[in-house]
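Dear colleague,

I am passing on the structure below, together with notes on what was found in it. Please read the notes with the structure open beside them.

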Amino acid sequence: MRDAGLAGEDLIRKVLVLADDFDRAIANAPANLEGDAWFEGIAAIDRKLRLLLESEGVSAVEAAPGTPFDPREHEAVVSVPGTGRAEGEIVDEIRRGYRLRDRVIRPALVAVATAAEDDGAAGPIN
């Protein structure tokens, strides 16, 4: 028999996929839907979903641009040179990460700044 805690965590992971869908839908909503009752209803469902997750101890992992990369909470999927940010800072959050109480259950997928690539102006390397 499966541990009830693990079963609950598996269900939360599945619900997070729905939260991702809401994130994408809301982020890509056409501008002409601004103030539309149907769109406002979708946004209200998203808020209810977030409150439900929060009531179960789920919170988002901080991964805003400028946040230092932390391999315990973030998964770097791309390195971006020449951003003007310090090496190792997050440039963009690609997919939100989550923790359940004090444990990361899904790391945030992020783009991370790297040192600007040398353009070769210093001369050839021997």
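To begin with a single side chain, Arg72 is exposed, with a relative accessible area of 66%. Its partner in a salt bridge is Asp70, with the closest N and O atoms 2.9 Å apart, and Asp70, by contrast, is buried at a relative accessible area of 17%. Because buried means under 20% and exposed over 50%, this pair joins a residue counted as buried to one counted as exposed.

Before going further, please keep in mind that this is a predicted model. The mean pLDDT of the protein is 89, and 87% of its residues reach 70 or more. The stretch to treat with reserve is residues 119-126, where pLDDT stays under 50 and where the model has zero contacts beyond four places in sequence. Where pLDDT is low, the predicted coordinates should not be read in detail.

As for the overall architecture, the protein has two helices and six strands, which follow one another along the sequence in the pattern α-α-β-β-β-β-β-β. Of its 126 residues, 25% count as buried. Among the contacts with a separation of 6 or more, 62% are made by residues 24 or more positions apart.

The salt bridges deserve a closer look, and a search of the whole structure finds ten of them. One of these is formed by the side chains of Asp23 and Arg50, at 2.5 Å from N to O; this pair links distant parts of the chain, since Asp23 belongs to helix H1 (residues 4-27) and Arg50 to helix H2 (residues 37-55), 27 residues apart. Asp23 is partly exposed, with a relative accessible area of 22%, whereas Arg50 is buried, at 18%. Both residues also belong to a network of salt bridges that links Asp23, Asp46, Arg50 and Arg96. Elsewhere, the side chains of Glu89 and Arg85 meet in a salt bridge of 3.5 Å, N to O, and here Glu89 counts as partly exposed at 22% relative accessibility, as does Arg85 at 36%.

Turning to the interior, the largest nonpolar core is made up of eleven residues, among them Ile12, Phe22, Leu49, Val58, Tyr98 and Ile105. The elements that give two or more residues to this core are H1, H2 and strand E4 (98-100), and H1 provides the largest share, five residues. Apart from this core lies another, of six residues, including Val61, Ala63, Val110 and Val112. In soluble globular proteins, nonpolar side chains tend to be buried together.

Ile12 is a useful residue from which to follow the packing: leaving aside neighbours within four places in sequence, Ile12 is in contact with Leu53, Glu56, Val58, Leu100 and Ile105.

Which residues lie closest to the centre of the largest pocket? Of the eleven that line it, they are Gly8, Leu11, Ile12, Leu53 and Glu56, so that Ile12, a member of the largest nonpolar core, also appears in the lining of this pocket. The volume of the largest pocket is about 170 Å³. H1 and H2 each supply at least two residues of the lining, and the largest share, six residues, comes from H1.

With best regards

How values were computed. Residues numbered from 1 in each chain as written. Predicted model: local features only at pLDDT ≥ 70, side-chain atom pairs only at ≥ 80, totals over all residues. Heavy atoms only, no water. pLDDT = per-residue confidence, 0-100. Contact = heavy atoms within 4.5 Å. Salt bridge = Lys/Arg side-chain N within 4 Å of Asp/Glu carboxyl O. Helix = DSSP H or I, 4+ residues; strand = E, 2+ residues; numbered from the N terminus. Buried < 20%, exposed > 50% of the residue type's maximum accessible area, 1.4 Å probe, protein only. Core = buried A, V, L, I, M, F, W, Y, C linked by side-chain atoms within 4.5 Å. 1 Å grid on protein atoms, 1.4 Å probe; cavity = no way out; pocket = protein on both sides within 12 Å on 5 of 7 lines; lining within 4 Å. Points joined across faces, edges and corners; volume = space filled by probe spheres on them.
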